[in-house]
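Please open the model in your viewer and keep the sequence panel beside it. The stops below each begin with a selection and then say what is to be found there.

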Amino acid sequence: MTKARASLLQVRGLSVSYPGAHAPLRALSEVDLDLDEHECLGVMGESGSGKTQLLLALLGLCGSAARVTGSIRYRGEELRGAAPARLAALRGRRIAMVFQEPHSALNPYLSIARQLSEGARHHLQLTRRAALARAAELLELVQISAPGLRLRQYPHELSGGMRQRVTIAMALMCEPEILLLDEPTTALDVTIQAQVLEVLGSIRERTGVATIFVSHDFGALAALAARLTVMYAGRAVEQGPIGELYAAPLHPYTSGLLRSLPRLDLPVPPRLPAIPGQPPDLADLPAGCAFAPRCPLVHPACRDRPALRTRQPLHRVACHSELPAQRIAEAWP
Amino acid sequence: MNPLTQGEGPWRRSWRRFQARPGARWALGLLGLIIALCLLVPALSPHDYATPSWTHIFRRPSWRDGAWFGTDGLGRDLLVRVMWGCRISLLVGIAASLVSVLIGVAWGTAAGYIGGRTDGLLMRTVDVLYSVPFIPLVIVLEVLFGRNFLLVFVAIGAVSWLDIARIVRGQTLAIRAQSYIEAALALGVRTPAVIWRHVVPNLLGLVVVYATLTVPSVILFEALLSFLGLGVQAPLASLGSLVADGANEMQANPYLLVIPAAFLATIILCLNYLGDALRDALDPRP
């Protein structure tokens, strides 16, 4: 991958912390990301690993209490600390976000037409009629039938999957260049998940919008993302092409997560394997590797925090261990 | 056709539910009738509320005399006076509620949405105002500025917005946590527009209910002030001052007390019933 041009979105050393009762709560620590045009980047991690914070920080929406440091460059323009007016002009227009919970992401008092047209009328100065036409177009793009009828309806009249597709349409109204997806399938039934993923895939094919797809679902990520970043306790612990990362994870955490997925091709064990222990308290992170207390390969070097190192071409891991993937997988009991 | 396929908005749904309650229709109809009467009767009647007539003192209500509600101790037609009383009481109730809704909503949304130190400052102000003893305050104000009808508005408006501000703040906090607010911000909508388009419409149901319940409490409050002689100035009458006057005559001429009191009670009952029906109709659960 050559970096001749400035990439679409370049994140360096992004950290977010919140004041806590005793110590600051470190929600996100020194995350690096690169997103190229038309690319889909997956971000995977469990609850509290900083996935959502990452997306909110990209939009400058972490709230006034948050301390955000590091650099977020959109086409070379620094967004961290940019004027609120500039950020508001980018939000929805260039960078748009889809939220996890379709039930609360739509205002119950506004018709679908009004929710969809709000951003477009604001950013593109469309007339009401033009915005409605665009909204109908987008409802078709997200495969909602009878757009004319749906536009007149209100959120409570739509099913969960339909609502999520409406929020996706809402994000796409102004033809953004970057689409941030915050667990768009988590709150949905499995069959609806497949439907939404299919819609997202076809949208990416037709519009080529660059996407950051945050999820804790390996399957959903595999459906869309080409590259994957695995997060643990606010840090990126492994980054690489998704196929390679699934086939040969080089971080014990990734390895443990993959191992804990039930497999269709193997007999079901009496107990599903799990990673023992709990994720660390974000206000009291261990000095070294945050995963060390739960890691089967822990050794004295783990008292120093490992940096992300390139182990394979394009595959970076934050672990002191030099073991091949096979040996790491075997280390799990 | 099934209403679910027509795109029925929350407001229309509430209206349908509201109409489905027969009591609510009665309350609305009765209130409308009283409003229509109190607008029409003083205009059509040959009598006015102020001119005394020494030949018609303490006439009992009768059809033949033309004084359907009788006359008071100064020979003034009670029907006209009661209708004027309804006008004044409703006007005070509605105007003061409107003022208190405007201040309360603005204050409460600001406190709830901005939060932090602003919230603390705004809500502590409310707490301080709550602690001011109200009737002595009104008496002091009237001593200082003389008896002035406007003062009654100001005094009532100044207290009744406090409840609304508190309720609105609490609701704003809940709405602010909803992800459609975050979604709107993530779409680049500016804060004032978010408040106006996303927070306020979600507050309206609550505010409408609360305002409907504020009107009767304000009317009762005005009645109390007038009963104590602190309200409207004679010869103008509100229902409260009519009840006060009637109370002096209640042994010899009970109709002077009973008729205005019945109107007062009817208005209050209708408004309370409306508020109750609205609360059910505007319930956000579908």
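Begin by selecting the contact between the two chains, to which chain B gives 20 residues and chain A gives 31 residues, two residues being in contact if their C-beta atoms, placed from the backbone, lie within 7 Å. On the side of chain B that touches chain A, colour α7 (179–186) and α8 (191–227) of chain B, each of which supplies at least two residues; helices here are DSSP runs of H or I of at least four residues and strands are runs of E of at least two, numbered from the N terminus. The element that gives the most to this side is α7(B), with 6 residues. By class, the side of chain B that touches chain A comprises 11 nonpolar, 7 polar and 2 charged residues, where Ala, Val, Leu, Ile, Met, Phe, Trp, Tyr, Cys and Pro count as nonpolar, Asp, Glu, Lys and Arg as charged, and the others, Gly among them, as polar.

This is a predicted model, in which local features need pLDDT of at least 70 and side-chain atom pairs count only at pLDDT 80 or more, while totals for chains, interfaces and linings use all residues. Residues are numbered from 1 along each chain as its sequence is written, and chains are lettered from A and ligands numbered from 1 in the order in which they are written. For the complex, the predictor gives an ipTM of 0.73 and a pTM of 0.77.

Next, select chain B alone, which has 10 helices and 0 strands, and whose C-alpha atoms fill a box of roughly 75 × 55 × 30 Å along the principal axes. Coloured by pLDDT (the predictor's confidence in each residue, from 0 to 100), chain B averages 83, with 96% of the residues scoring at least 70. Among its elements, helix α4 (residues 116–130) of chain B has the highest mean pLDDT, 92, and helix α5 (residues 134–145) of chain B the lowest, 80.

Within chain B, now show helix α3 (residues 78–114) together with helix α6 (residues 149–176), whose axes come within 6 Å and cross at roughly 35 degrees; axes are lines fitted to C-alpha atoms, for helices over the stretch in contact, and angles run from 0 to 180 degrees between N-to-C directions. The crossing of α3(B) and α6(B) is right-handed, the near helix being turned clockwise from the far one by less than a right angle, whereas anticlockwise would be left-handed. Their contact has 19 nonpolar, 9 polar and 3 charged residues.

Keep α3(B) and replace its partner with α8(B): the axes of this pair come within 8 Å and cross at roughly 145 degrees, and α3(B) passes α8(B) in a right-handed crossing. Label the residues in contact, including B:S89, B:G93 and B:Y113 of α3(B) and B:I195, B:P216 and B:E222 of α8(B). By class, the contact of α3(B) with α8(B) has 16 nonpolar, 6 polar and 1 charged residues.

Finally, turn to chain A, which has 11 helices and 12 strands and fills, by its C-alpha atoms, a box of roughly 65 × 50 × 45 Å along the principal axes. Colour domain 1 (7–85 + 226–261 + 276–333) and domain 2 (102–212) of chain A separately, remembering that such bounds come from an automatic or database domain assignment. The centres of these two domains, taken over C-alpha atoms, are 29 Å apart. Their contact takes 13 residues from domain 1 of chain A and 9 residues from domain 2 of chain A, and on the domain 1 side β3 (40–44) and α1 (51–59) of chain A are the elements that give two or more residues.
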